[in-house]
Amino acid sequence: MPRVYITTKIPLLAHDMLAKKDFSVDVNETENPLHEEQLKKILKTYDAVISSVPDKITHEVIAHASPNLKVIANYAVGIDNIDVLAAKRKNIVVTNTPGVAGEAVAEHAFALILACAKKLTEADKYVRAGKYKNWDATLYVSPQIWGKTIGIVGLGKIGTYVGNIAFGGFKMKILYHDIVKSEDFEMLTEAQYCSLEHLLKESDVVTLHVPLVAQTHHLIGKSELAQMKKTAILINTARGAVIDQEALIAALRKKEIAAAGLDVYEHEPDIPEELRTLGNVVLTPHTASATEECREEMARIAAQNVIDVFEGKQPFGLVKVS
């Protein structure tokens, strides 16, 4: 009976699917992410692991993996928490849950855009503090999002959904930057393909939807922030290290950009106190994909990936390494 370890609590659907296929399933029932020594022991003991974003499955961790470990199924779209090359060298299949989070993350990105533009968190604190005494025509006046320019960096499934919301819901002008053009996207949203530099200079909102790879690490740094409008909003629901966090803090402190909405951070879960105390940033705890529908589908795909590997099939979420 193959043994599977699930490193965090996920919908029971995954457990039930595996149990029906006669897998033995253990789950980390605590609220705490697993540390390196725990992960080493798990990879040494189990035949399959369903991992999650906080699990740092490094080369050192994978070195302790048992020859019986067949698959690490990441309960996430991103795979930057796993040393995929090290896994390949030990003939361990790595999978993810591709395409599942598009709608959820796009919705969250727009929630951050609106929260930043409308100063919702500041207004909420103002009311809760008992400061609201009467209607004031000058109170929390904000820019209108309707008809503004949005710059989408990374036109995968999430970026495409963001563009559809922006165009269909807010009649925004769309600039986008990616490694390839999409004529279909341009036709449906009247979007314009452009360089990153042009996008940063012209956009009222810049939203990031790229994977974290070597080429996108600190994609947005001091020089890129300096190119943005002082009235611009920066949104990140991708991975924290896509932005140079220290440069962003400085830009927000000096009001070189108007605001930022962040769901991810460079050194999660550690968030610098200065970032947490700035008034022109909206922060959420890496929950952009946290809809009931998305979490259920992620659980289904992760479990099916494990099942497929043991049944000799190519899993839907196979991460290919050249």
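A residue counts as partly exposed when its relative accessible area lies between the 20% below which it is buried and the 50% above which it is exposed. By this criterion tyrosine 140, with a relative accessible area of 27%, is partly exposed. The structure discussed here is a predicted model, and the account below proceeds from aromatic contacts to helix packing and then to individual residues.

## Aromatic pairs

A pair of aromatic rings is described by the distance of the centres and the angle of the planes. Searching the whole structure yields six aromatic pairs. In one of them, the ring centres of phenylalanine 23 and phenylalanine 310 are 5.3 Å apart and the planes stand at 85 degrees, so this pair is edge-to-face. Phenylalanine 23 belongs to the loop between helix H1 (12–20) and strand E2 (24–27), while phenylalanine 310 belongs to helix H13 (residues 292–310); the pair therefore ties together parts that are 287 residues apart in sequence. The two partners differ in accessibility class: phenylalanine 23 is buried, at a relative accessible area of 9%, whereas phenylalanine 310 is partly exposed, at 25%.

Tyrosine 126 and tyrosine 140 have ring centres 5.5 Å apart and planes at 85 degrees; since angles over 60 degrees count as edge-to-face, this pair is edge-to-face. The pair links distant parts of the chain, with tyrosine 126 in helix H6 (residues 120–128) and tyrosine 140 in the loop between H6 and strand E6 (149–153), 14 residues apart. The backbone of tyrosine 140 is also notable: its phi is near 50 degrees, a positive value in a residue other than glycine.

A further aromatic grouping consists of Tyr176, Phe185 and Tyr193, which form one cluster.

## Charges over rings

Charged side chains also meet aromatic faces. The charged end of arginine 3 is placed over the ring of tyrosine 46, at 4.4 Å from the ring centre. Lysine 171, in turn, lies over the face of phenylalanine 167, and here the distance to the ring centre is 5.6 Å.

## Helix packing

The table sets out two helix pairs.

| Helix pair | Axis distance | Crossing angle |
|---|---|---|
| H5 (residues 102–117) and H7 (residues 157–170) | within 8 Å | roughly 55 degrees |
| H1 and H13 | 8 Å | about 25 degrees |

The axes of H5 and H7 cross at roughly 55 degrees, which makes H5 oblique to H7. Their crossing is right-handed. On the H5 side the contact involves Gly102, Glu103, Val105, Ala106, Glu107, Ala109, Phe110 and Leu114, and these meet Lys157, Ile158, Tyr161, Val162, Ile165, Ala166 and Phe170 in H7.

H1 and H13 pack at an angle of about 25 degrees, and H1 is therefore roughly parallel to H13. The crossing of H1 and H13 is right-handed. Leu13, Ala14, Met17 and Leu18 of H1 make the contact with Glu296, Ala299, Arg300, Ala303, Gln304, Val306 and Ile307 of H13.

## Individual residues

Which residues does lysine 157 touch, not counting residues up to four places away in sequence? They are Gly99 and Gly102. Lysine 157 is part of helix H7 and is partly exposed, at 42% relative accessibility. Its C-alpha atom is separated by 27 Å from that of lysine 88, and the two lysines are 69 residues apart along the chain.

Is aspartate 204 buried or exposed? With a relative accessibility of 15%, aspartate 204 counts as buried, because buried means under 20%. Aspartate 204 occupies the loop between helix H9 (196–202) and strand E9 (205–208). Apart from neighbours within four places in sequence, aspartate 204 is in contact with Lys148, Thr149, Lys229, Thr231, Ala232 and Ile233.

Two loop positions deserve mention for their backbone geometry. Glutamate 268 and proline 269 are joined by a cis peptide bond, with omega about 0 degrees. Proline 269 is located in the loop between strand E11 (259–262) and helix H12 (273–277). Histidine 286 is not a glycine, yet its phi is positive, at about 50 degrees. Histidine 286 lies in the loop between strand E12 (281–283) and H13, and it is partly exposed, with a relative accessible area of 23%.

Methods: Residues are numbered from 1 along each chain as its sequence is written. This is a predicted model: local features need pLDDT of at least 70, side-chain atom pairs count only at pLDDT 80 or more; totals for chains, interfaces and linings use all residues. Side-chain values use heavy atoms; hydrogens and water are left out. Rings of Phe, Tyr and Trp (its six-membered ring) pair if their centres lie within 6.5 Å; planes under 30 degrees apart count as stacked, over 60 as edge-to-face and the rest as tilted. Helices (H or I, at least four residues) and strands (E, at least two) are DSSP runs, numbered from the N terminus. Buried means under 20% relative accessible area, exposed over 50%, partly exposed in between (1.4 Å probe, protein chains only). A charge sits over a ring if NZ of Lys or CZ of Arg is within 6 Å of the ring centre and within 35 degrees of the ring normal. Axes are lines fitted to C-alpha atoms, for helices over the stretch in contact, and angles run from 0 to 180 degrees between N-to-C directions. Angles under 35 degrees count as roughly parallel, over 145 as roughly antiparallel, 65 to 115 as roughly perpendicular and the rest as oblique. A crossing is left-handed if the near helix is turned anticlockwise from the far one by less than a right angle, and right-handed if clockwise. Contact means heavy atoms within 4.5 Å.
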